[in-house]
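Dear colleague,

I am passing on the structure we spoke about, and below it you will find my notes. Please read them with the structure open beside you.

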Amino acid sequence: MIRRRRHPRRDVGRELDEAAVTADELASPDAVLDIRGLQTVFRSDEGVVRAVDDIDLVVRRGTTTCVVGESGSGKSATARSIIQVVDVPGQVEAGRILFRPDDSRPAVDMARLDPRGEAIRGIRGREIGLIFQEPMASLSAVHTIGNQISEVLELHTDLPPAEIRDRVIEELRSVGIPRAEERIDAFTFQLSGGMRQRAMIAMALIARPSLLIADEPTTALDVTTQAQILDLLGDLKRERDMTMIFITHDLGVVAEIADDVVVMRHGKVVETGPVDQIFHDPQHDYTKELLASLPQRHSATRAVVTEPETPPTTTVGGSADESVRHTAPDVTPLLSVRDLRMEFDTVSGALFGRKRKEKVVAVNGVSLDVLPGSTVGLVGESGCGKTTLGRSIMRVYQPTAGEIRYRSGDGTVADLATMSEKQLLPYRRAMRMIFQDPYGSLNPRMTVQQVIGEPLRVAGMAQGSELSDRVADMLDRVGLKRAMATRYPHAFSGGERQRIGIARALITGPELVIADEAVSALDVSVRTQILELLAGLQSELGLTYLFVSHDLSVVERICDRVAVMYYGNIVEEGSAAEVFEDPKHGYTRALLSAVPIADPRLRGTRERIVYRPDDVPAADDEAA
Amino acid sequence: MVTQSTDERLDEPDEVVELVDDTGKSRTAVTSAPQWKLIWWRFRKHRLAQIGLIALIVMYLAAAFAGFIAPFNTTSYSGEHAYHPPQGVRFSFAEGFYVHPTTSEVDIESLERIFEPDTSEFVNLGFFVRGDSYRLLGLFDSDVHLFGPEDPDERWYPLGGDRKGSDLWSKILYGSQISLSIGLVGVSISLILGLFLGGISGYFGGWVDTVIQRVVEIIMSIPTLPLWLGLAASVPPDWGPVPTYLMITVILSLVGWTNLARVVRGRLLQTRDEDYVIAARLDGVPTNRIIFRHMLPSFTSHIIASVSLAVPAMILAETSLSFLGLGLRAPAVSWGVLLQDAQSVNTVATAPWLMFPGLAVVIAVVAFNFVGDGLRDSADPYGKRST
Amino acid sequence: MLRFVVHRVLHVIPTLLVVTLIAFFIIQLPPGDFLSSQIARMEAAGDSVDPAAVEALRTRYGVDEPFWVQYWKWISNILLHGDFGLSFEYRRPVSDLIMERLPLTILLGVATLLFTWAIALPAGVYSAIRQHSGGDYVISALGFIALAVPNFLAALVLAYIGFKYFGQSVGGLFSPEYANAPWSLAKFGDLLEHLWIPVVIIGLAGTAGIIRTTRANMLDELHKPYVTTARAKGLPEGRIVRKYPLRIALNPFISTVGWNIPSIFDGEVIVATVLALGTTGPLLLSALQSQDMYLAGGIILIVAVLTVIGTLISDVLLAVVDPRVRFGGK
């Protein structure tokens, strides 16, 4: 075990010489990076966490290697360990990190360099660039982006300031930032998310490193922006003849860009191989599990994979059901939204009294029908108004205008939009909601029993032992143990909490359930389980779902009908098959073309469509 | 120290791991513990807060039973013992606990009074002795004192004597009744104002909120002490101790509510937008139940923490006002009033023990700060992921 | 930037208005009309009172008029003529009395502020960067003590130590030989020699508080992703800290210092009284004790206005340092 604290100042040349390794020690002659037995450990008073636990990894020159895994797999810690910028108290404790910037030079074992020393600082930024997930947090808010990018050149070159500025502008332009000569003096909060990530890429690439490490660079971005950034990275890599390590949890992205894939779990590498082998001939069970949880786009049927022990009646979305649902135009809708409009007053520049009242139209006259027993998907990117629409229907907000017509079991239709809180009470039991955030939506001060039982209790529908019996039955239904009722939400994992949220929604015996991004906070494997649970409950209890999501693959998988939202409007609505196979609206097409296809063999078979209407405020900003 | 294997730790929800670490309790205990228990467990791990809490309990008990613990009344004095230095208790098997009585004479040159112990005489001290009569907790009349001279006519100065020859230790004990209670009473009034104004500010929003926030801002942006002094100066000097006490308390809280109002408003706004509150509305929970069952429990702990941090400020304010002669006035006894004697450097130089009431202030303030810090740190057992 | 400053200045106006109202309210607070009680007191002291002069004063202050009229007369005299009224105790214009002592008060305040900055910033940053080091513990322990000791007690203890062990009075801002001497370089030097004691005492609690917040902010910032980004660029550790987390932790630092100004004046009143300094604090106290309300109100007004201006300056400074504030950040 190598333990390095702070070394006394050493000569850089000597330090590099000591760490030098002859090329034949590398696993293969074309390796840029050869990691062996790497261990990164976080030691604290609370114990020891082996974030990276003895991994081997080889990156071939000119390729893209994707490191894929769920949260806690140690993939980010691996990325940071390579250039030894692990957060305290983490430390690279063992292993070799052989790095060979180009064929003409000897390799260096970076694990032997002092993490605070000059030698490794000469490699960081100049030979190896790094891009992080959250561009907002990863860039300083009080320095201009130009300042932060120039710094790399100031550090690693002797260029005069004027020339550095020119180089930075040029670099910003090459990563697709329009009006680069103005934007160079912008602060991060003045740029959109996509622009910020482009600035980050410019910063990582301006010194022309031979290796780029991208740590979940598109996770915080919308799918269309993600597509643009992925395309940009691909182009730059080709143009500049770079090697790239791409860290991600998204197998779709892996299938789109990877040459080699490394699958990680709990700090260990479980499988390594070329992308085609990983996707089409996975060896390890965990890899298979991950792939199984992938939504199969373009597959023959959208049937949900069901557990073998579940009775056959729980199968949902089978072709028989589907045809019934779709060929019944005479069925009156359960919910029918007409010209719904939701405006918010926002106060901008609230600091120091510079208050300007602005009206933000979140939902701009939307109409939507939901048939009983169907699942309607509401998709769109962040800020499109889909969550607001869902919440307006639930009457979390008081809609500005429009109607929300709800048909009760006895056939009477009522408009919920104008009802008082008191009149709404019976409908609050018939229409329920599942929230996105499994943490924030459960009151941490109440037991599971209290959380789930609350609606029955306040409605006087059940008390005492009857109440606890019904809660216990519900826990059974959603796959939790009855004994868990006395626990508090903090005792549960994200997936379990979402099950509690579902139990709370279903306890009143509702007809319509609005699921607001119900699975987007969960890891893929958990996500699949929750989707299966929802599907099972739907057929069991005859539920109707309005499924709000940004994730097209999830929507395609479980929905009968789909509505696409864009800037407060529904731009396209139709059956899932119509919308996904033959999208009519330009935005839907752009959106679909941006979704990564989780099959490396289909890579490049599809044209990327960019939707750029003239009348959209931020279009200029995001346009590539 | 918990050392678990990586696998085990990763499979548990982070919060359980954190709570187990924070509270030192087992996993099963933590998973079904309500919020107040988690807070208490975390608080218990906070050593300084524990010390502070014990110190406070001791001090408030001493204030409640001041008559019993103090050897003398506030009104008992002995002119010839003015500025008597502190007397340590001696012990011998023959005499038990005792001190030597002193004789004093005035040094002609320095004009200072010199006290000489008369070693041939003894003042015997004992437990549960009879002395000045007092009323315990406002209910029972008694004249039994925990520890003091066995002969009620003898004098004993454990912490020295003041200008008039009263026992400072007894006065500090009696003074704690006012000094410690004014903090609590003042903060209670502040809290009522803060809850009310912060509450309507956060609940109604809009222009009500703007106006109240501006008032808070203005009050916070001007120096409080001159303001307090100005207001306190209007309390007529001929008022009795009780009305003065009430008036001073009201004046202190009129200026002191702002911070609490801010805390209440901030918490209210934050909680109002929590998903679980929206969920409660969708559950059909009536508004008052949402407020009292769902929202209030989530921020009472924060309010208690803020309150316990506001009390020392009140105690200091009272002390400062009285010290400057514009707060309570003798014959009322508070730590600030006692410190008035120590205003001039010359007096302090001859009788440094007159600063003892200041020590009492420091201990009370530190204890409250420790407890407040501990409460603030443990107020939100789930706080770590809230950002 | 200019826009921001103008807005901020406009924002101050209602605050100032309220401040003047509060000051005048305090003037009006003592029961009975103040002129009569002053006259009664002067007569009791055996002074002769000229009825014509009394009548003149009555009209001048509008004693029989309603509150708002009296307020208007008072405030317009201040704004238009710099006339704060008359001190009955000293029988001199309030403005003269205040002007005699104000420069020293401002000097004391500014010196305390500078002292606070000079100590709190390096100490806070040091104890954050060297967290859990010996220096960190020493700073934290000292800070805790400084926070808990009320400043009048600190002043008393210091005065006692000075008197007992150095045989000299630590009170006052001048040595006896300079007290009434005209201003000279030597007198100024003497002033600085005496100034540090009240500065340290007044600044004690504030400094400790700011060290705590600065340390906490720095500790937060040191682990932010942008620090990792800077490290990944190849920046040396020292430069990373100076350029990034320090720069960002400076913003809460500046605003905390701004909020600290009111407490400096609070401390000034008490410490100046204990140490018998020739600043406005003791003057305010004696004015309040003798119900010399125009003097007291004038001092409260001036001190409050100074605080508001000080806070304004710190806000503008914050905008200079933080672009998010400057651009009314989203």
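The notes that follow cover a cavity, a pair of domains and one helix.

Please keep in mind throughout that this is a predicted model. Searching the whole structure turned up nine cavities of 30 Å³ or more, and the one I would like to describe is the second largest, with a volume of about 70 Å³. Its lining draws on two chains: from chain A come G125, I128, G129, L130, F132, M200, M203 and A204, and from chain C come T229, A232 and K233. Three elements each supply at least two residues of this lining, namely β7 (128–131) and α8 (193–205) of chain A and α10 (225–233) of chain C. Sorted by class, the residues lining the second largest cavity are seven nonpolar, three polar and one charged.

As for chain A, its domain assignment gives domain 1 as 135–208 and domain 2 as 322–597, and the C-alpha centres of these two domains of chain A lie 41 Å apart.

In chain C, helix α1 (residues 2–28) has 27 residues and reaches 39 Å from its first C-alpha to its last, which is close to the 39 Å expected at 1.5 Å a residue. The buried residues of α1(C) include C:F4, C:R8, C:H11, C:V12, C:F24 and C:I27. Which elements do the buried residues of α1(C) pack against? They pack against α8 (206–221) and α9 (224–232) of chain B, and, within chain C, against α4 (67–81), α14 (293–321) and α15 (323–326).

With best wishes

Note on methods:
Residues numbered from 1 in each chain as written. Chains lettered and ligands numbered in written order. Predicted model: local features only at pLDDT ≥ 70, side-chain atom pairs only at ≥ 80, totals over all residues. Heavy atoms only, no water. 1 Å grid on protein atoms, 1.4 Å probe; cavity = no way out; pocket = protein on both sides within 12 Å on 5 of 7 lines; lining within 4 Å. Points joined across faces, edges and corners; volume = space filled by probe spheres on them. Helix = DSSP H or I, 4+ residues; strand = E, 2+ residues; numbered from the N terminus. Nonpolar A, V, L, I, M, F, W, Y, C, P; charged D, E, K, R; others polar. Domains from an automatic or database assignment. Expected span 1.5 Å × (residues − 1). Buried < 20%, exposed > 50% of the residue type's maximum accessible area, 1.4 Å probe, protein only. Contact = heavy atoms within 4.5 Å.
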